[in-house]
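Reader: I'm new to looking at structures, and I'd like to understand one part properly. Could you take me slowly through a single pocket and the parts around it?

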Amino acid sequence: MTSKTVLIDPEITPSPRRSQDTAWRTSQGDSASGRTALHPSIAPGTRARRRASLEHDATARLTHWIASYSVVVLRLSLGGIFCWFGLLKFFPAVSPAEALATRTLATLTWGYLAPPLSLPLLACWETAIGLGLLLGVYPSCTLALLFLHMGGTFTPLVLFPHELFAHVPYAPTFEAQYILKNFVLISAGCVIGASRLGARRARAS
């Protein structure tokens with residue numbers, strides 16, 4: 001049996017500094033020449049560091065996008081909801097909140113604001129809020145109308161509690177749930193208003 005001499009080129013011998021990041025492995029070479037080549041392979045620690053770096057970069061990019069555009073998306077979605085619900089009230093018997101809204105307005109105005117007048121007025125109000133948010137015009141006036149409107153939407157809970165709760169105060173009916181979700185809309189309006197004030201102060205400074 002004859003032994004083969006393995007030749008290793010000293011120029012490709014890994015240096016101690018390189019061995020920290022790259023592990024070297026031998027692979028079977030040409031049987032005719034008897035030379036065994038050395039090929040680099042990425043060490044598991046290096047792969048983990050690269051994967052962690054990529055994940056960190058992706059997270060940073062996502063965080064930057066959310067910080068830059070989340071308020072804009074919130075404003076547009078809130079404006080779309082108000083505009084949609086407001087336009088429905090221009091058509092009789094289409095909006096599910098029509099009966100409760102007109103009854104509430106009639107009670108608050110002691111009967112002076114009849115449903116044929118109160119429903120178009122409410123439709124114009126909500127549509128104006130929606131358009132103001134979508135277009136980004138008159139933000140102070142738009143937010144004032146929004147908060148005033150949201151305050152009025154909670155009055156049925158006080159005026160008709162036994163009709164809006166199966167068990168007062170912890171079992172709301174479907175109509176009461178429709179009203180209680182307005183807490184989320186109020187919070188969205190607060191975020192939009194706070195971001196606007198923050199941007200104004202940043203420009204002033």
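Author: Let's start with the lining of the second largest pocket, which by class has seven nonpolar, five polar and two charged residues. Keep in mind that this is a predicted model. The pocket holds about 270 Å³ of space. Of its 14 lining residues, Val-71, Arg-75, Ile-192, Ser-195 and Arg-196 lie nearest the centre. Helices α1, α3, α4 and α8 each give at least two residues to this lining.

Now follow α8, which runs over residues 182-204. At 1.5 Å a residue, its 23 residues should span 33 Å, and the end C-alpha atoms are indeed 33 Å apart, so the two values agree. Which residues of α8 are buried? They are Asn-182, Leu-185, Ala-188, Gly-189, Ile-192 and Gly-193. To read that list, it helps to know that an α-helix has 3.6 residues a turn, so residues three or four places apart point the same way.

Ile-192 is a good link to the next part: besides lying by the pocket centre, Ile-192 belongs to the largest nonpolar core, a set of ten residues that also includes Leu-185, Ala-188 and Phe-82. To this core, α1 (44-88), α3 (115-135), α4 (139-153) and α8 each supply at least two residues.

Finally, zoom in on Phe-82. Leaving out residues up to four places away in sequence, Phe-82 touches Leu-185 of the core, and its other contacts include Ile-129, Leu-133, Leu-146 and Met-150.

How values were computed: Residues numbered from 1 in each chain as written. Predicted model: local features only at pLDDT ≥ 70, side-chain atom pairs only at ≥ 80, totals over all residues. Heavy atoms only, no water. Helix = DSSP H or I, 4+ residues; strand = E, 2+ residues; numbered from the N terminus. Expected span 1.5 Å × (residues − 1). Buried < 20%, exposed > 50% of the residue type's maximum accessible area, 1.4 Å probe, protein only. Core = buried A, V, L, I, M, F, W, Y, C linked by side-chain atoms within 4.5 Å. Contact = heavy atoms within 4.5 Å. 1 Å grid on protein atoms, 1.4 Å probe; cavity = no way out; pocket = protein on both sides within 12 Å on 5 of 7 lines; lining within 4 Å. Points joined across faces, edges and corners; volume = space filled by probe spheres on them. Nonpolar A, V, L, I, M, F, W, Y, C, P; charged D, E, K, R; others polar.
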